[in-house]
Amino acid sequence: MRILIVSDAWHPQINGVVRTLETTVEHLRRMGHEVKVVGPEPKGWRSIRAPSYPSIKLEFFAHRRLRRVVESFNPDFIHFATEGPLGWAARSVCLDLQKPFTTSYHTRFPEYLSARMFPVLRKPVTLITCAVLRRFHAPSSAVMVATASIEHELQRYKFRNIVRWSRGVDTALYQPYGKDVPAYAAIPRPILLYVGRIAVEKNIEAFLSADTAGSKVVIGDGPDKEMLQRTFPQAHFLGVMEGEALALHYAAADLFVFPSMTDTFGLVLLEAAASGLRIASYPAPGPVDIFSDPAARHFAVLGDNLGDALKKALTLPNNPSLPRRFAEQFSWGTCTQQFYQQLQAPTPQAVKRIKRFRNWLSRWWQRALALAFK
């Protein structure tokens with residue numbers, strides 16, 4: 001099959017959405033499918049840097065370009081991964097051409113935007129953002145979400161056609177390599193590690209301000225990095241890492257900390273578990289779903305007080321085989337099969353009725369013109 005994926009998040013960005021898509025595309029191609037991914041054009045007047053995220057490009061006025069892509073590639077299935085300007089343009093193209101599509105909900109934009117607002121504005125901003133997102137996903141044949149928590153959340157916001165698309169982890173890359181990396185050699189243990197984007201919605205300040213023994217290490221980049229470096233000079237910021245270098249630094253830590261309460265899943269949690277780490281987190285969407293299995297209690301602690309959760313997690317037995325066995329349940333191959341199955345969801349009846357109405361209106365208009373100029 002020919003599969004077209006449109007995403008505002010794509011290379012050279014580094015985040016969970018990009019890692020999910022690139023791994024899924026790789027497995028789809030192994031299955032024999034032809035996959036085309038359309039992301040923002042890196043250059044040109046239509047592409048601008050996202051506010052507070054200079055590494056992220058947003059492309060506007062892409063309707064004509066996307067229409068050419070759809071008509072030339074002629075995909076069997078179309079999927080929109082994001083609700084950005086590229087996603088909206090692709091949605092418009094598909095509705096114009098009467099082509100069905102599926103979507104996915106990767107980012108909790110209502111919570112992300114709310115975290116940047118004054119308290120008095122948070123509720124109205126959340127309600128408005130939810131209404132906009134609900135409109136974006138309304139014509140979708142299937143709205144893919146990663147966990148039960150996010151599914152229930154979207155149901156409360158009156159989203160429809162919600163289906164599950166889980167996530168996996170590369171257990172060949174992420175594994176318990178050992179504790180010997182130069183960056184950790186001169187700092188006291190235990191080493192408490194955070195990996196991810198450094199931004200306000202990730203709640204990293206809760207981790208860095210927790211009163212714990214050892215050293216706090218942050219791997220990643222983002223708009224809040226310089227501010228947090230000034231505020232917490234005792235923390236160690238190692239910058240962006242990928243591939244084997246990142247995997248080695250995971251494995252060499254003693255505890256992984258996930259302070260975010262706004263993520264839809266948290267791929268880094270599976271990467272940390274596959275690396276053999278104990279984990280501390282808030283009981284937020286993502287962690288509560290991933291670690292709902294009783295087996296996770298042997299290496300993961302979720303608590304409303306992150307500092308207490310950190311201390312309790314450090315008292316758990318440091319047995320890398322326990323989180324490793326847990327992570328091995330999450331296969332990217334299985335997740336990709338699930339994604340492919342959801343691509344085949346039937347077109348919603350409401351969208352079919354719109355198509356029939358448009359066809360009727362077109363025929364009526366043609367007959368009216370014919371009679372007018374007869």
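This is a short walk through one predicted model, taking its parallel strands, its cavity and a few single residues in turn.

Let me begin with strand S9, residues 191-195, and work outwards from there. Five of the five residues of S9 are buried, so this strand is largely enclosed by the rest of the structure. If you follow the side chains along S9, Ile 191, Leu 193 and Val 195 point one way, while Leu 192 and Tyr 194 point the other way, and all are buried. That pattern is what one would look for, since in a regular strand the side chains alternate between the two faces of the sheet. Ile 191, which lies in S9, counts as buried because its relative accessible area is 0%, and the cut-off for buried is under 20%. The C-alpha of Ile 191 is 5.2 Å from that of Ala 253, although the two residues are 62 apart in sequence.

Which strands pair with S9? On the one hand there is S10, which runs parallel to S9 and is joined to it by five bridges. Two of the residue pairings can be picked out on the screen: Leu 193 has Val 217 of S10 as its bridge partner, and Tyr 194 has Val 218 of S10. On the other hand there is S12, residues 255-258, which pairs with S9 in the parallel sense over two bridges, with Leu 192 standing opposite Leu 255.

Moving on to S10 itself, this strand covers residues 215-219, and five of its five residues are buried. Ser 215, Val 217 and Ile 219 point one way from S10, and Lys 216 and Val 218 point the other way, all of them buried; I would draw your attention to Lys 216, a charged residue by the usual grouping, which is included among those buried positions. S10 also pairs with S11, residues 236-239, in the parallel sense over three bridges, and here Ile 219 stands opposite Gly 239. The connection between these two strands includes helix H8, residues 225-231, and S10, H8 and S11 together make a right-handed β-α-β unit.

I turn now to another set of parallel strands, built around S5, residues 77-80. Phe 77 and His 79 point one way from S5, Ile 78 and Phe 80 point the other way, and all four side chains belong to buried residues. S5 pairs with S1 in the parallel sense over four bridges, and Leu 4 has Ile 78 of S5 as its bridge partner. S5 pairs as well with S6, residues 102-104, again in the parallel sense, over two bridges, and Phe 80 stands opposite Thr 103 there. S5, helix H3 and S6 make a right-handed β-α-β unit.

Where does the cavity lie? Rolling a probe the size of a water molecule over the atoms shows where empty space is left. In this model there is one cavity of 30 Å³ or more, and its volume is about 30 Å³. Its lining is made up of Leu 4, Val 6, Leu 66, Val 69, Val 70, Ile 78, Phe 80, Ala 90 and Cys 94. S1, H2, S5 and H3 each supply at least two of these residues, with H2 giving the most, namely three. Leu 4 and Ile 78, the bridge partners I mentioned a moment ago, are both part of that lining. The lining divides into nine nonpolar residues, no polar and no charged.

Let me finish with some features outside those strands. Glu 201 sits in the loop between S9 and helix H7, residues 204-208. Is Glu 201 buried or exposed? Glu 201 counts as buried, because its relative accessibility is 3%, and its side chain makes a polar contact of 3.1 Å with the side chain of Arg 197. His 152, by contrast, lies in helix H6, residues 148-156, and counts as partly exposed, at 43% relative accessibility. The C-alpha atoms of His 152 and Ile 162, 10 residues apart along the chain, are separated by 9.4 Å.

Helix H10, residues 267-274, is mostly covered, with eight of its eight residues buried; among them are Leu 267, Glu 271 and Ala 274. After H10 comes Gly 276, whose phi is positive, near 90 degrees.

Conventions:
Residues are numbered from 1 along each chain as its sequence is written. This is a predicted model: local features need pLDDT of at least 70, side-chain atom pairs count only at pLDDT 80 or more; totals for chains, interfaces and linings use all residues. Side-chain values use heavy atoms; hydrogens and water are left out. On a 1 Å grid over the protein atoms alone, a cavity is a set of points where a 1.4 Å probe fits but cannot get out, and a pocket is an open set with protein on both sides within 12 Å along at least five of seven lines; lining residues have an atom within 4 Å of a point. Grid points are joined across faces, edges and corners, and a volume is the space filled by probe spheres set on the points. Buried means under 20% relative accessible area, exposed over 50%, partly exposed in between (1.4 Å probe, protein chains only). A polar contact is a pair of N or O atoms within 3.5 Å; within protein, one must be able to donate a hydrogen and the other to accept it, and residues adjacent in sequence count only if both atoms are side-chain atoms. Two strands pair if DSSP finds at least two bridges between them. A crossover is right-handed if, with the strands pointing away from the viewer, the path from the first strand over the helix to the second runs clockwise.
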